[in-house]
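Thanks for coming. I will talk briefly about pockets, and then we can stop.

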Amino acid sequence: MFLLREVKYKDILYIKNLTIKNQLITSIVGQSGTGKTTLLRLLNKLISPDTGDIFYNNQPLRDINSIDLRREVVMLPQNPSIFRGSIKENLLIGLKFSEKPLVNDDKLKEILELVNLQKDLNQDCEKLSGGEKQRVALGRVILMEPAVLLLDEPSSSLDEDTEYLIIDRLVNYTKKNNKTLIMVTHSKKVANQFSDEIIQLRKNTIITGEEI
């Protein structure tokens, strides 16, 4: 799905050769400063490499319209934006921005169940905890039904039990719907338990495998 060759971004990241496969769960791990978030941002064209080439489905990323790409390859940052208004409005806003058809309340409730958020759709998002806001944002991304989900620490604001539950449900959703999930995680336990492949970043070095 993604192929990176001789990709360099400032002094943060250098990737000689890397393939990220379609319809797999891929975790990106490594110490702070090794370029984990940078790699996600490169895949989403939020930034461009100084040198090298990135391909998506055999097409050079630079030749793909950025808006079209981000409708298919959606990134959720570690600290996602939450907008003023209700949970319902926050869930639907991704569909509005991407000009996709809106869904009914039953579908929204299904998404809340998926992200384990037992809240009323009309509740004010400003009154939610950090972990609850993170789950609303995750639900918003899932509703957009992208081919690829790029998630930067999707469970960073959650306790360990909730983290396990959310990642487990997210992985099941990804596999059931033939999606591709690429996530940065601080947890080696999460990476080892849920990943098909693991990318371990070190300074100017990449190690790939099924376990760390």
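What follows covers two pockets and the residues around them.

This is a predicted model, in which local features need pLDDT of at least 70 and side-chain atom pairs count only at pLDDT 80 or more, while totals for chains, interfaces and linings use all residues. Residues are numbered from 1 along each chain as its sequence is written, and side-chain values use heavy atoms, with hydrogens and water left out.

A pocket here is an open set of points on a 1 Å grid over the protein atoms alone, where a 1.4 Å probe fits, with protein on both sides within 12 Å along at least five of seven lines; lining residues have an atom within 4 Å of a point. Volume is the space filled by probe spheres set on the points, which are joined across faces, edges and corners.

The largest pocket comes to about 520 Å³. It has 20 lining residues, and Val74, Met75, Gly94, Phe97 and Met144 are the closest to its centre. Helices and strands are DSSP runs (H or I, at least four residues; E, at least two), numbered from the N terminus. E6 gives the largest share of this lining, four residues. Helices H2 (66–72), H3 (87–97) and H5 (130–143), like strand E6 (73–76), each supply at least two.

The second largest pocket holds about 190 Å³. Among its lining residues are Lys107, Leu114, Tyr173 and Asn177. Here H4 contributes the largest share, four residues; H4 (105–114), H5 and H6 (160–176) each give at least two.
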